[in-house]
Amino acid sequence: MKLKKWNRNIAINIALKEGIILNIYYWRIIFYYRLFFFKNNIIPNIRNLLNFLNKKYKCNYDSFYLFKLFPKGFIKQITKITCLPDNVQCF
């Protein structure tokens, strides 16, 4: 799928196939991932994402939190849902 053709409905359908029902916590990650990718042409690593989430939302998320949201593998599932290439070098 082309990156430009992605939209919320596509993300919802992919997530459902992965056994995930998207809520606000997922959307925060999804939009950050896509924004970071289009701004920097690379996908962010987990540390970068957690730093962003913890600073922006004043919370204390860790990698365990991400793996609870994405139990089949964070990078695998987030790149699938966001339709970003998983072979792009992480920042």
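Modeller: Quick ground rule first: contact, or touching, means heavy atoms within 4.5 Å. Helices (H or I, at least four residues) and strands (E, at least two) are DSSP runs, numbered from the N terminus. This is a predicted model, with local features needing pLDDT of at least 70 and side-chain atom pairs pLDDT 80 or more, while totals for chains, interfaces and linings use all residues. Residues are numbered from 1 along each chain as its sequence is written, and side-chain values use heavy atoms, with hydrogens and water left out.

Colleague: Okay, let's start with H5. What covers the buried residues of H5?

Modeller: Take the buried ones (under 20% relative accessible area; over 50% is exposed, in between is partly exposed; 1.4 Å probe, protein chains only). In H5 those are Phe 74, Gln 77, Ile 78, Thr 79, Ile 81 and Thr 82. Their cover includes helix H1 (8–17), H2, H3 and helix H4 (63–69).

Colleague: Let's zoom in on the H2 pairing. At what angle do the axes of H2 and H5 cross?

Modeller: I fit axes as lines to C-alpha atoms, for helices over the stretch in contact, and angles run from 0 to 180 degrees between N-to-C directions. Under 35 degrees is roughly parallel, over 145 roughly antiparallel, 65 to 115 roughly perpendicular and the rest oblique. H2 comes out roughly perpendicular to H5. The two axes come within 10 Å and cross at roughly 75°.

Colleague: And the residues at that crossing, how do they divide by type?

Modeller: From H2 you get Ile 29, Ile 30, Tyr 33 and Arg 34, meeting Phe 74, Ile 75, Ile 78, Ile 81 and Thr 82 in H5. Ala, Val, Leu, Ile, Met, Phe, Trp, Tyr, Cys and Pro count as nonpolar, Asp, Glu, Lys and Arg as charged, and the others, Gly among them, as polar. The contact of H2 with H5 therefore splits into seven nonpolar, one polar and one charged.

Colleague: Thr 82 is in that list. What is its relative accessible area?

Modeller: Thr 82 sits in helix H5. Setting aside neighbours within four places in sequence, Thr 82 is in contact with Trp 6, Ile 30, Tyr 33 and Arg 34. Thr 82 is buried, its relative accessible area being 0%.

Colleague: Now the largest nonpolar core. Which residues touch the most other members?

Modeller: By nonpolar core I mean a set of buried Ala, Val, Leu, Ile, Met, Phe, Trp, Tyr and Cys residues joined through side-chain atoms within 4.5 Å. The largest one has 29 residues, and the ones touching the most other members are Ile 29 and Phe 70.

Colleague: Which element gives the most to this core?

Modeller: H1, H2, H3, H4 and H5 each give two or more residues to the largest core. With eight residues, the top contributor is H2.

Colleague: Back to Phe 70. What does Phe 70 touch, not counting residues up to four places away in sequence?

Modeller: As background, nonpolar side chains in soluble globular proteins tend to be buried together. With that sequence filter on, the residues touched by Phe 70 are Ile 20, Tyr 26, Ile 29, Gln 77, Ile 78 and Ile 81.

Colleague: What about Phe 67: what is it in contact with, leaving aside neighbours within four places in sequence?

Modeller: Phe 67 belongs to helix H4 and is partly exposed, at 39% relative accessible area. C-alpha to C-alpha, Phe 67 is 17 Å from Asp 86, with their positions 19 residues apart in sequence. With close sequence neighbours set aside, the contacts of Phe 67 are Ile 46, Gly 73 and Phe 74.

Colleague: Two backbone oddities next. Is Asn 41 buried or exposed?

Modeller: Asn 41 is found in the loop between helix H2 (24–40) and helix H3 (46–56). Its phi is near 60°, a positive value in a residue other than glycine. At a relative accessible area of 56%, Asn 41 is exposed.

Colleague: And Cys 83, buried or exposed?

Modeller: Cys 83 is in the segment after helix H5 (74–82). Cys 83 also has a positive phi, near 60°. At 12% relative accessibility, Cys 83 is buried.

Colleague: Cysteines, then: how many disulfides does the count come to?

Modeller: The rule asks for a pair of cysteine sulfur atoms within 2.5 Å. Cys 59, by the way, is partly exposed at 22% relative accessibility. The disulfide count is zero.

Colleague: Last one: how far apart in space are Tyr 57 and Arg 28?

Modeller: Tyr 57 lies in the loop between H3 and H4 and is partly exposed at 29% relative accessibility. Leaving aside neighbours within four places in sequence, Tyr 57 is in contact with Arg 28 and Phe 52. Tyr 57 and Arg 28 are 29 residues apart in sequence, and their C-alpha to C-alpha distance is 9.7 Å.
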